[in-house]
Amino acid sequence: MNITYRCRASILSLGFLLQLISSGAIGQLPSTLDLSGQWRIRDGNPPASAAWRDTLDDSQWQHLKVPANWYSEGVDHQGVLWYRTRFTLPALDTDYMATLVFDGVDYQTDVWLNNQQAGQHKGYFQRFSIDITDTARIENVLAVRVDSPYETPGKVWSFHKQLVKGVFNHHDTRPGGAWSDRGQDANSGGIWAPVTSHISRGAVIDNVLAVPDWSRGLEHPILKVSLDYRANRNRSVVMLLRLIPDNFIGQSYQLEKNVSLLASQHDAQTLTANFALDNPALWWPSGHGKQNLYRLEVSFSDRLGMMDVTHVRTGLRQIATDPQEQSWLINGKRLFIRGTNYIGSPWLGSLTSADYRRDLVMMQQANINAIRVHAHVAGRALYDLADEMGMLLWQDFPLQWGYDNSATFAQEAARQAADMTRQFGSHPAIVLWSGHNEPPWDATWMQYRYPDWRPDINRALTASVAQVLSQDNSRIIHAHSSTAEHYWQGWYSGQKSDHLKPANNSIISEFGAQALPDLTTLKNFIPPADLWPKTTDKTDEGWRIWAYHNFQPHETFELAKVTRGPNISTFIKNSQQYQASLIQLAAESYRRQRYQPVAALFHFMFTENWPSINWGIVDYLRHPKPGYFALQQAYQPVLPSIEPKTENWVQGQTGRIGLWAINDNWHDYPQASLHWKILQSGMTLSEGVQDINLKADSGLKVIELQVIPRSAETIKVISDILNRQGTVLGHNELQLYVQP
């Protein structure tokens, strides 16, 4: 940021520079331009008066850090909150423009500068700019009205939502859960991302989008550049594009064009350019090549010099699907997707770049190569880190279940979808846009929950968002995430062994089960008196506080049939073992079905995002559960998969076990070998070695064994794949429970 602002400062006239120096705006330029810090706040809900906006004396107002969500800073609030801060600008020459840039405000924003309304915005995740050239003074009072409202009761609010906030105002992993009366607790509102002021001469570049076009092949792509700008009058300028290697040594590219800017001080205009490249360095996912990134610098200048300059980082990669098997192709190479769903926090302002990096490192250590950013747009640091670390992203638009069915709401959602693709579309890590998670018209289970459900509810909403997403032909477009691709056997229906049945979809975007965190974590939010409810009946009042923290007693006890045992420690163990065993069973089953038909697999979900009991394999303190290690094992790139062909093992009766060799890597392992050992009560029931030539990007069934349990003790199956040098490429174990 310092470099960018120094570049911007260098465009100013000598007189203006002197003004900046005398005002103190230069010397510590980032602190002058960055408006982060302690702002003043005051409740703005009725019967509060809007006159507070204009009152200069705010000495009795409460302090609140900006950027931050108000709840994570101790302000439990719904609705309107007034923010106030002061900042200094130099006197501006007549050709200069002053802009306020908000990186993210949740949800409705109205901005006043020096008692004059300057602009407004709706939506929680977007960066937006407001021109303040005409209202700015040397000493400025900035007032921001932020409204993150409580969804209106009356009709069942959860089916008729008015806010495009996805999981942040309705989901079963947020405070209160999806269906509780308190399901809107812990509001996510606030100025949660940085606010800055920016000075330019004559024009300002608000946004740059760079996406590749592969119509000329991988060696000769076209970088399609689109930029949003505002200008204070019609003028001719020179637009300079420079594409510079950002994290590697390589060739730079440059394009210079004379362009005409239209007067648009308050409303952005768009310019486009096609940047033809020869033999650029490609971006590859982690484990399959380098994450080569470029810095695209865009500037305007005229005969007086630089007017404005900005940059965006991007990478060149091709993503497509094979039309026959629906596999995902990265730069022409087929890749099996081993993914997880992710919600880092209900309060995005609480997540730092270091927090996101910690989570992504844990994912990579668990052999995860893709993330579904589940029904929300995350903080910008996640996308930067995914680019750097080579983690593929499935990016959902923030639509979760039911919404206002009006054409007006559909239009608003489409507008915000365009914001998402335009502002985040330069990230090579994002390989898929998805529009609506479990829309009501696709989720027939909603007819049992909502009396006004209809087969066509929200169909137009889903279509309007999908139409916007489809305009990006550089990515896979998934119009909606259907309930048909959410494999909840063993939790919401059926039993976990159902995961051994053939899949019906190339994409499985959800599967998993809940598990309790460790006792030390659980005690952080469940009071001692509530740690052991009297019964397993879901109506037992003792589960009330557990349910608030997302625990599902009906699914745990009646569907999954997890037993509590004699104490809380036993219950935790049983719960965690159930989650781990389901994850291993399901993940391995679908990996054995690679491209027949499964091409992409997304476990649900990676982490508990607040003090809760849900589907995370990592608790909210980032302590891994056994499910984490089960997924790590099942997601090994080279996997000796163990297939229990017999569902119910009985003492003295023959059972069958299939042994597989799966290789997601892009290179062969000739003269490899599969080793196995099957043990029960310290005795070996079967042991052997099978030579294999393990091809790149392949899976094969090596052998099927017949085993007779000698007792009712647990059977342990161990399998390894070794290369020709004897190095272990993959190790796997499975426990089989035997009935007497």
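These entries record what I looked up in the predicted model.

**Entry 1: the chain as a whole**

I began with the secondary structure and found twelve helices and 38 strands in the chain. I then turned to the overall dimensions: the C-alpha trace spans about 95 × 65 × 50 Å along its principal axes. I compared the radius of gyration, 28 Å, with the value near 27 Å that a compact globule of 740 residues would have; the two agree, and I therefore noted the chain as consistent with such a globule.

**Entry 2: burial, surface and contacts**

I looked up burial next, and 60% of the 740 residues count as buried. The exposed area of the chain is about 28,800 Å², of which carbon and sulfur atoms supply 49%. For contacts I considered residues at least 6 apart in sequence; 72% of these contacts join residues at least 24 apart.

**Entry 3: a three-stranded sheet**

I then examined one open sheet, formed by three strands in the order E8-E4-E11 with antiparallel pairing. Which strands lie at its edges? They are E8, residues 128-131, and E11, residues 195-201, each of which pairs on one side only. I noted that neighbouring strands of this sheet are turned by 30° against each other on average, with direction ignored.

**Entry 4: the pairing of E4 with E11**

How many bridges join E4 and E11? I found seven, in the antiparallel sense, with E4 covering residues 96-102. For a single position I followed valine 101, whose bridge partner in E11 is threonine 196. I add a general reminder that strands of a sheet pair through backbone hydrogen bonds, either parallel or antiparallel.

Technical notes. Residues are numbered from 1 along each chain as its sequence is written. This is a predicted model: local features need pLDDT of at least 70, side-chain atom pairs count only at pLDDT 80 or more; totals for chains, interfaces and linings use all residues. Side-chain values use heavy atoms; hydrogens and water are left out. Two strands pair if DSSP finds at least two bridges between them. Helices (H or I, at least four residues) and strands (E, at least two) are DSSP runs, numbered from the N terminus. Axes are lines fitted to C-alpha atoms, for helices over the stretch in contact, and angles run from 0 to 180 degrees between N-to-C directions. The radius of gyration is taken over C-alpha atoms; the globule rule is 2.2 Å times the number of residues to the power 0.38. Buried means under 20% relative accessible area, exposed over 50%, partly exposed in between (1.4 Å probe, protein chains only). Contact means heavy atoms within 4.5 Å. Accessible areas come from the Shrake-Rupley method with a 1.4 Å probe; for residues, only the protein chains shown count as cover.
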